[in-house]
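Let's walk through this one together, starting with a single side chain and working outward from there. Keep the structure open as you read.

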Amino acid sequence: MGNSPEDIRKWEQQAQAGDLDAKHLLALALRAGDGVAMDKDRGFDLLMEASDQGHMHAPASIGVAYYFGDGVPKSHQLAMKWYQAGAAAGSDYAIFNIAD
């Protein structure tokens, strides 16, 4: 992936200012340890915040975490719940995961 320290700083500032896309990107970077020290818990918390605040792709990212058991207990049932929430919000990523 290759996020730069500048990307991370920018997303942190934008996320604090309420930018949901930045919050989602920062969450993904934290969960992957891409450009920043890996912190799956903080990343997951940011995904939940972004989802609660209406980011359309955050529920699908949460679903992926549950599907693979990545930092959370593995649960295909919870993954599908989150994919469906993302699909209802208009996320093509969530719709793809439901169809897969």
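**Starting from a buried arginine**

Arg31 has a relative accessible area of 8%, so it counts as buried. Keep in mind that this is a predicted model. What does Arg31 meet in a salt bridge? The partner is the side chain of Asp70, at 3.4 Å from N to O. Arg31 sits in helix H2, while Asp70 belongs to the loop between helix H4 (58-68) and helix H5 (76-88), so the contact ties together parts that are 39 residues apart in sequence. Unlike a buried residue, which has to stay under 20%, Asp70 comes out at 31% relative accessible area and is therefore partly exposed. There's a third member to look for here, too: Lys40 joins Arg31 and Asp70 in a network of salt bridges.

Now for the other charged pairs. How many salt bridges does a search of the whole structure find? It turns up five. One of them is between Lys23 and Glu49, whose closest N and O atoms are 3.1 Å apart. This pair again links distant parts of the chain, with Lys23 in helix H2 (residues 20-32) and Glu49 in helix H3, 26 residues apart. Is Lys23 buried or exposed? Its relative accessible area is 7%, so Lys23 is buried. Glu49, at 35%, is partly exposed.

Another of these bridges brings in the first helix: the side chains of Glu12 and Arg42 meet at 3.6 Å, N to O. Glu12 is in helix H1 (residues 5-16) and Arg42 in helix H3 (residues 40-52), so you're looking at a link between distant parts of the chain, 30 residues apart. Here both ends are partly exposed: Glu12 has a relative accessible area of 24%, and Arg42 has 34% relative accessibility.

While we're on H1, check its length. At 1.5 Å a residue, its twelve residues should span 16 Å, and the end C-alpha atoms are 17 Å apart, which agrees. Which residues of H1 are buried? They are Ile8, Trp11 and Ala15. These cover an arc of only 70° around the axis, so they end up on the same side of H1. The spacing makes sense: an α-helix has 3.6 residues a turn, so residues three or four places apart point the same way. That buried set packs against H2, whereas Gln13 and Gln16 are exposed on the other side of H1. Just after the helix, have a look at Gly18, which takes a positive phi of about 100°.

Last stop, the rings. The structure holds two aromatic pairs. Phe44 and Tyr66 form an edge-to-face pair, with 5.8 Å centre to centre and 85° between the planes. This is a link between distant parts of the chain: Phe44 lies in helix H3 and Tyr66 in helix H4, 22 residues apart. Both rings belong to buried residues, with Phe44 at 12% relative accessibility and Tyr66 at 14%. The other pair, Tyr67 and Phe68, is also edge-to-face, at 4.9 Å centre to centre and 80° between the planes. Here Tyr67 is partly exposed, with a relative accessible area of 34%, and Phe68 is exposed at 58%.

Conventions. Residues numbered from 1 in each chain as written. Heavy atoms only, no water. Salt bridge = Lys/Arg side-chain N within 4 Å of Asp/Glu carboxyl O. Helix = DSSP H or I, 4+ residues; strand = E, 2+ residues; numbered from the N terminus. Buried < 20%, exposed > 50% of the residue type's maximum accessible area, 1.4 Å probe, protein only. Phe/Tyr/Trp six-rings, centres within 6.5 Å; stacked < 30°, edge-to-face > 60°. Expected span 1.5 Å × (residues − 1). Arc of directions from axis to C-beta. Contact = heavy atoms within 4.5 Å.
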